[in-house]
Amino acid sequence: MPDFDLVVIGAGAAGLSTTALSAALGLRIALIERAEMGGDCLNWGCVPSKALLAAAHAAAAARHAGRFGVRVSEPEIDWPAVRAHVRGAIARIAPTDSEARFRGMGVEVIRASAHFTAPDEIEARGRRLTFRRCVIAAGSSAVVPDIPGLGPVPWLTNETIFDLEEKPEHLLILGGGPIGLEMAQAHARLGCRVTVIEAGRIAGRDDPELAEGLRRVLVREGVTLLEGARLASVEPDRPGLTAVLEDGTRIAGSHLLLAVGRAPRLKGLDLQAGNIEATPRGIATDEGLRSLSNRRVWAVGDIADPRGIGPRAFTHVASQHAGVLARRMLFRLPARVDYAALPRVTYTGPELAQVGMTEAEALEAGLDPRPYRFPLPETDRAVAEGIEDGLVKLVVNPKGRLLGAGVLGPHAGEMAGVFGLMIGRKLPLSALAGLVLPYPTLAEAAKRAAGDFYAPKFLSTFSKRLVGLLWRLP
Ligand SMILES: Cc1cc2nc3c(=O)[nH]c(=O)nc-3n(C[C@H](O)[C@H](O)[C@H](O)COP(=O)(O)OP(=O)(O)OC[C@H]3O[C@@H](n4cnc5c(N)ncnc54)[C@H](O)[C@@H]3O)c2cc1C
Ligand SMILES: NC(=O)c1ccc[n+]([C@@H]2O[C@H](COP(=O)([O-])OP(=O)(O)OC[C@H]3O[C@@H](n4cnc5c(N)ncnc54)[C@H](O)[C@@H]3O)[C@@H](O)[C@H]2O)c1
């Protein structure tokens with residue numbers, strides 16, 4: 001008889017969702033966490049970044065109030081108070097992820113580092129635990145690239161940037177993905193000089209038209225974006241550092257944030273002892289998240305690398321994984337991860353939201369996509385609120401099925417749910433085109449874009465003739 005029905009390694013978003021579901025269904029569980037309960041999302045990811053952005057957006061709103069006839073002077077940034085707001089947001093949410101809450105569910109929470117000692121055994125804090133099933137939810141951490149001179153430079157990652165006691169004077173950010181862009185705008189709006197060094201183009205996974213709109217906003221707000229730029233080396237300075245690009249450009253900065261992607265936390269798990277196969281992208285699983293080599297073991301969240309699909313580092317994916325696991329591992333029903341309707345949002349102002357495929361991805365998949373666009377500033381709500389940037393772009397197949405949708409606009413992430421529902425439930429585009437939306441809302445742009453798909457048929461010569469004929473009837 002094993003010690004536990006289930007051992008979960010990692011109490012981040014993925015491990016906690018899995019544990020909560022399994023505990024509610026009566027399993028005997030050990031949850032092992034070596035650092036903070038709540039993992040990256042609560043402590044060093046989503047929550048602190050969104051809290052910092054909220055402070056930054058408040059500063060931007062104050063700066064722009066003048067155009068509505070509301071005059072305020074340049075906002076003063078009280079950095080310790082901003083930090084207190086960030087810490088406060090974490091503290092407010094922490095009880096939900098706490099050891100006490102999970103102990104209350106009957107879970108044994110062990111605060112230690114876990115590693116495999118056998119295919120059905122784990123060791124934590126010198127204690128050996130046997131299990132019937134094990135779920136690896138050890139997450140990912142920031143990639144630290146091999147850059148000459150990086151050693152002596154005090155670089156930052158998401159695990160340290162939220163603890164800076166003083167506002168950075170000139171923040172250099174390596175990488176223009178979601179982390180780089182969110183941190184760039186947050187710090188720029190809070191009064192720091194910011195330079196982003198991006199090897200490709202910013203928001204490289206998002207639709208280029210939407211990324212272009214975001215680029216304009218960031219540049220207007222004073223962020224220096226160096227795209228197609230390669231960092232050759234860094235040199236320590238007192239204070240700060242100098243970044244040297246391959247073309248010889250030298251940029252002096254006070255701090256350097258590394259935001260060039262994530263790597264799965266495989267080290268220290270002793271996967272070999274557990275007979276668990278892994279790739280550099282994570283634990284190799286089937287599409288239902290079960291290890292390919294050890295059938296007692298499953299992987300969820302950032303560390304899972306489902307075959308042919310690959311990892312996706314989002315908190316909502318961690319919850320989706322827990323749902324797949326519950327169906328497959330607990331109820332033995334067929335279930336697999338499916339990202340066809342997956343939303344992702346970069347929480348800049350404006351937000352950049354993408355659901356499902358971009359036009360380029362649909363083209364690559366040979367789906368003959370048709371793009372339909374509507375600029376947000378053309379909606380009455382945008383006019384009333386002085387919104388000058390934004391776009392809705394729908395990617396539709398020839399039969400009128402939504403394959404993907406992108407929105408650049410204020411609170412764009414709030415529109416993502418509707419698109420996710422349409423793609424996930426395979427609703428025809430007419431469902432969106434015919435939707436009665438409250439007036440005036442920015443979401444009307446999505447309805448107008450959908451309407452353009454039907455406009456040629458609706459306004460055709462045939463339709464006009466038909467109406468003409470019907471009009472003559474008594
Ligand atoms: C700056 C930033 C902002 C983000 N913003 C968003 C956002 O707005 N929206 C969104 O959806 N996603 C966001 N993400 C991504 C999101 O945070 C991750 O996808 C999510 O946290 C992954 O959850 P996880 O449980 O897989 O991993 P983690 O949260 O990393 O949890 C894994 C846990 O396992 C523990 N662990 C590791 N190894 C061991 C071991 N051997 N023994 C015991 N414990 C171990 C770790 O200490 C950790 O607590 C952001 C990420 C970052 C870095
Ligand atoms: N709002 C959100 O949902 C949110 C926010 C932050 C992070 N995340 C998650 O975390 C993941 C990681 O984010 P990220 O921004 O670190 O990684 P990323 O992989 O999304 O982007 C990294 C960027 O760095 C660039 N890059 C890589 N090496 C470089 C180098 N040597 N020099 C210059 N540029 C280089 C890449 O071209 C890319 O544009 C995201 O993909 C996402 O899944 C989500």
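**Exercise 1. The shell around ligand 2**

Determine which domains each give at least three residues to the shell around ligand 2 in this predicted model.

*Solution.* Step 1. The protein chain is divided into domain 1 (4-37 + 98-142 + 263-330), domain 2 (161-260) and domain 3 (343-455). Step 2. The shell around ligand 2 draws at least three residues from domain 2 and at least three from domain 3. Step 3. In total, 25 residues surround ligand 2, and the closest are Gly 175, Gly 177, Ile 179, Gly 261 and Ala 313. Step 4. By character, these residues divide into 13 nonpolar, eight polar and four charged.

**Exercise 2. The elements of that shell**

Identify the element that gives the most residues to the shell around ligand 2.

*Solution.* Step 1. At least two residues of the shell come from each of α6, β9 and β20. Step 2. The greatest contribution is that of α6, with four residues.

**Exercise 3. Helix α6**

Describe the length of α6 and state how many of its residues are buried.

*Solution.* Step 1. Helix α6 covers residues 178-189, which makes twelve residues. Step 2. From first to last C-alpha the helix reaches 16 Å, close to the 16 Å expected at 1.5 Å a residue. Step 3. Twelve of the twelve residues of α6 are buried; among them are Pro 178, Leu 181, His 187 and Arg 189. Step 4. The cover over these buried residues includes α3 (46-64), β8 (170-174), β9 (193-198), α7 (208-220), β14 (255-258) and β20 (343-346). Step 5. Just after α6, Gly 191 adopts a positive phi of about 95 degrees.

**Exercise 4. Three consecutive residues**

Classify Gly 176, Gly 177 and Pro 178 as buried or partly exposed, using the cut-off of 20 or more other C-beta atoms within 10 Å for a buried residue.

*Solution.* Step 1. Gly 176 lies in the loop between β8 and α6. Gly 176 has 28 C-beta neighbours inside 10 Å and therefore counts as buried. Its contacts, leaving aside residues up to four places away in sequence, include Leu 181, Glu 198 and Leu 225. Step 2. Gly 177 is also found in the loop between β8 and α6. Because Gly 177 has 19 other C-beta atoms within 10 Å, it is partly exposed. With residues up to four places away in sequence left out, Gly 177 touches Gly 204, Ala 259 and Gly 261. Step 3. Pro 178 belongs to helix α6. Pro 178 has 21 other C-beta atoms within 10 Å, so it is buried.

**Exercise 5. An annotated binding site**

Establish where the residues of the UniProt feature "binding site" lie and how far apart they are in space.

*Solution.* Step 1. An unreviewed UniProt entry places this feature at Gly 175, Gly 176, Gly 177, Pro 178, Ile 179, Gly 180, Leu 181, Glu 182, Glu 198 and Gly 261. Step 2. These positions spread over 87 residues of sequence, yet they cluster in space, with a largest C-alpha distance of 13.9 Å. Step 3. Three of the residues closest to ligand 2, Gly 175, Gly 177 and Gly 261, are included in this annotation.

**Exercise 6. The shell around ligand 1**

List the elements that give two or more residues to the shell around ligand 1.

*Solution.* Step 1. Ligand 1 is surrounded by 38 residues, the closest being Gly 10, Gly 12, Gly 39, Gly 139 and Gly 301. Step 2. Two or more residues of this shell come from each of α1 (13-24), β2 (29-33), α2 (39-43), α3 and α8 (315-330). Step 3. The shell divides into 18 nonpolar, 14 polar and six charged residues.

Note on methods. Residues numbered from 1 in each chain as written. Chains lettered and ligands numbered in written order. Predicted model: local features only at pLDDT ≥ 70, side-chain atom pairs only at ≥ 80, totals over all residues. Expected span 1.5 Å × (residues − 1). Contact = placed C-beta atoms within 7 Å. Near = placed C-beta within 6 Å. Nonpolar A, V, L, I, M, F, W, Y, C, P; charged D, E, K, R; others polar. Domains from an automatic or database assignment. UniProt positions renumbered as here; feature names shortened; annotations may be inferred.
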